[in-house]
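Colleague: Before I rely on the labels attached to this model, I should like to see the reasoning behind them. May we go through them one at a time?

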Amino acid sequence: MSTRLGQRRVVPIMAVLTTFICIVDGAITTVALPSIARQFDLTPAALTGVVVVYPVCLGMMIPASAWLVERYGGRRLMLLSLSAFTAASGLCGAAPDLTALVGARALQGLAAGLLMPTSQALLFRTFSQAEQVRLSRLMVIPQQIAPAIAPLLGGLLVTGLSWRWVFYVNVPFGAAAVLFGALFLAEHRDHAAGRLDLPGLLLCGAGTAALMYGVCAGPDLGWTGPPVLGALTAGAVLLAVAVRHQLRTPEPILRLRLFRDRLFRDTNLISLVGYVPMMGAMFLGPIFIQEARGGSALESGSTTFTEAFGVLVTMQLVGAVYHRVGPRLIIGTGLLGVAAVMVLFATAGPDTGLWTFRCYMFLLGLAMGGVFIPTTIASFSTVARPDVAHAATLNTVVRQTGSALAPAVVTSVLVFGATGQERVHPPLAAYQLSYYVLAAVALVAALFAFTVPDGPARTTAPAPRPARRSARRSDADRPRQRIG
């Protein structure tokens with residue numbers, strides 16, 4: 001194995017590749033669902049399993065990721081999970097029926113549940129918190145390009161080839177990432193893994209899976225239906241028992257004690273609540289364009305790309321001012337911006353132009369850019385190095401939960417009080433109410449963000465570049481200080 005490139009280059013490349021692949025896969029699959037329904041002669045409701053099985057299996061694997069990183073090392077786990085994800089993508093594309101497709105999607109979810117926290121753990125083991133701010137300004141570019149191009153790419157593949165290529169497209173990228181990692185990625189392991197907390201793993205995995213299923217299936221099957229209500233109840237009970245077990249076990253599968261640190265706890269709470277309006281808007285926008293405005297699938301897929309450019313602009317500014325103002329002001333202001341843009345979306349109607357909507361998406365991206373990276377960087381500011389993998393796991397659990405809650409909240413508001421045809425085609429007022437609800441959630445998160453104590457996060461921020469002159473003057477002053 002050659003590592004001549006240096007791990008400070010290899011690790012970010014691997015993190016970007018894996019994140020890019022996972023984001024594209026999550027955003028591109030929904031474009032293919034109507035074509036899959038026609039291929040297998042199914043109703044859209046029958047495709048629920050294709051969508052739900054992915055986050056359910058992802059949620060099952062996340063709790064085990066930290067222990068597996070410590071037990072087998074970041075390199076081995078990264079390559080194994082990336083290979084499994086690539087193979088599962090090929091199986092999805094070649095699926096002869098719905099059952100095979102759901103099974104392959106389950107394997108994809110299991111692999112993705114390891115990829116995201118593993119790549120994050122490698123980053124935080126390779127770079128200091130101060131370096132993370134500078135690094136994020138570069139890494140955010142491909143991370144934001146992925147969700148921008150995924151709907152367009154999906155529309156082109158489905159229209160020009162078939163729905164199967166929505167999954168096949170992952171294969172060459174995944175294979176290239178595996179080859180690159182096998183050649184250049186070095187082993188990353190801080191210390192030997194402790195004893196596997198098997199009861200905690202089973203409780204956390206089963207509880208998370210049940211809860212994720214209930215959240216994802218609730219809007220479609222009804223929140224009071226026996227399957228959904230049973231899943232939510234079982235998930236809540238299992239997770240409550242899991243928490244009690246984790247706090248009493250010397251070596252838990254999830255180190256919930258990390259939440260005793262206020263900065264880590266508060267930033268994760270902001271992520272949990274703040275992801276609902278941000279991801280909710282990304283989910284609701286294309287639906288609004290097609291249903292309320294009567295646009296095409298291509299128009300729908302092209303409405304969100306401007307959001308990525310807004311994020312890119314803000315992230316460059318965040319890296320420059322993070323050390324001066326601290327994450328608290330940046331995150332709070334960003335969430336206030338999200339709330340304001342939600343109100344703008346609520347004023348949109350059937351006559352609203354596409355470019356007006358795209359301008360709103362750009363403004364949303366500007367606001368979101370002040371939330372994504374600062375919350376992550378700040379959350380790791382007080383985490384000890386041996387706890388990095390476990391902190392990354394908890395971060396992933398929180399963000400995945402917020403991402404799963406977003407479409408559930410939006411869909412629930414859309415069909416609230418609706419009957420008959422309105423459940424299939426919600427009226428304009430339902431979309432407007434959804435945006436107002438998202439605005440209220442963003443406002444609550446913003447107010448809470450302004451109370452976060454960010455002193456430790458600011459002390460780990462990088463010094464401004466102009467400080468080089470000051471450093472020179474300080475060096476020149478040192479002899480006089482010694483003489484005095």
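The exchange below takes up several labels and sets each against its criterion.

Modeller: Please bear in mind that this is a predicted model.

Colleague: Why is Asp-266 called buried?

Modeller: The relative accessible area of Asp-266 is 5%, and buried means under 20%, so the label applies to Asp-266.

Colleague: What makes the contact between Asp-266 and Arg-262 a salt bridge?

Modeller: The closest N and O atoms of Asp-266 and Arg-262 are 3.1 Å apart. The criterion asks for a side-chain nitrogen of Lys or Arg within 4 Å of a carboxyl oxygen of Asp or Glu, so this pair qualifies. Asp-266 and Arg-262 are four residues apart in helix α10 (residues 262-292), and therefore about one helical turn separates them.

Colleague: How do you know that Arg-265 also forms a salt bridge with Asp-266?

Modeller: For Arg-265 and Asp-266 the closest N and O atoms are 3.9 Å apart, and the limit is 4 Å, so this pair is accepted as well. The structure holds two salt bridges, and Arg-262, Arg-265 and Asp-266 are linked in a network of them.

Colleague: Why are Arg-262 and Arg-265 called partly exposed?

Modeller: Arg-262 has 42% relative accessibility and Arg-265 has 34%. Partly exposed lies between under 20% and over 50%, so both arginines receive that label.

Colleague: What makes α14 mostly covered?

Modeller: Eight of the eight residues of α14 are buried. One of them is Thr-376, with a relative accessible area of 12%; the cut-off is under 20%, so Thr-376 counts as buried.

Colleague: How do you know that the side chains of Thr-376 and Arg-399 make a polar contact?

Modeller: Their distance is 2.4 Å, and the limit for a pair of N or O atoms is 3.5 Å, so the distance criterion is met.

Colleague: How do you know that α12 is not straight?

Modeller: α12 has 42 residues, yet its end C-alpha atoms are only 20 Å apart, short of the 62 Å that a straight helix would reach. α12 bends by about 110° at Val-325, and Pro-327 follows within four residues.

Colleague: What makes Leu-443 eligible for the nonpolar surface patch?

Modeller: Leu-443 has a relative accessible area of 39%, and patch residues need over 30%, so Leu-443 passes that threshold. The patch covers about 530 Å², and Val-325 is among its other members. Leu-443 lies in helix α17, whereas α12 supplies the largest share of the patch, four residues.

Methods:
Residues numbered from 1 in each chain as written. Predicted model: local features only at pLDDT ≥ 70, side-chain atom pairs only at ≥ 80, totals over all residues. Heavy atoms only, no water. Patch = residues over 30% accessible without salt bridge, like charges linked within 9 Å, V, L, I, M, F, W, Y side chains within 5 Å. Areas by Shrake-Rupley, 256 points an atom, 1.4 Å probe, with all protein chains shown as cover. Helix = DSSP H or I, 4+ residues; strand = E, 2+ residues; numbered from the N terminus. Buried < 20%, exposed > 50% of the residue type's maximum accessible area, 1.4 Å probe, protein only. Expected span 1.5 Å × (residues − 1). Bend = angle between axes of the 7 residues up to and from the residue. Polar contact = N/O pair within 3.5 Å; in protein donor to acceptor, adjacent residues only side chain to side chain.
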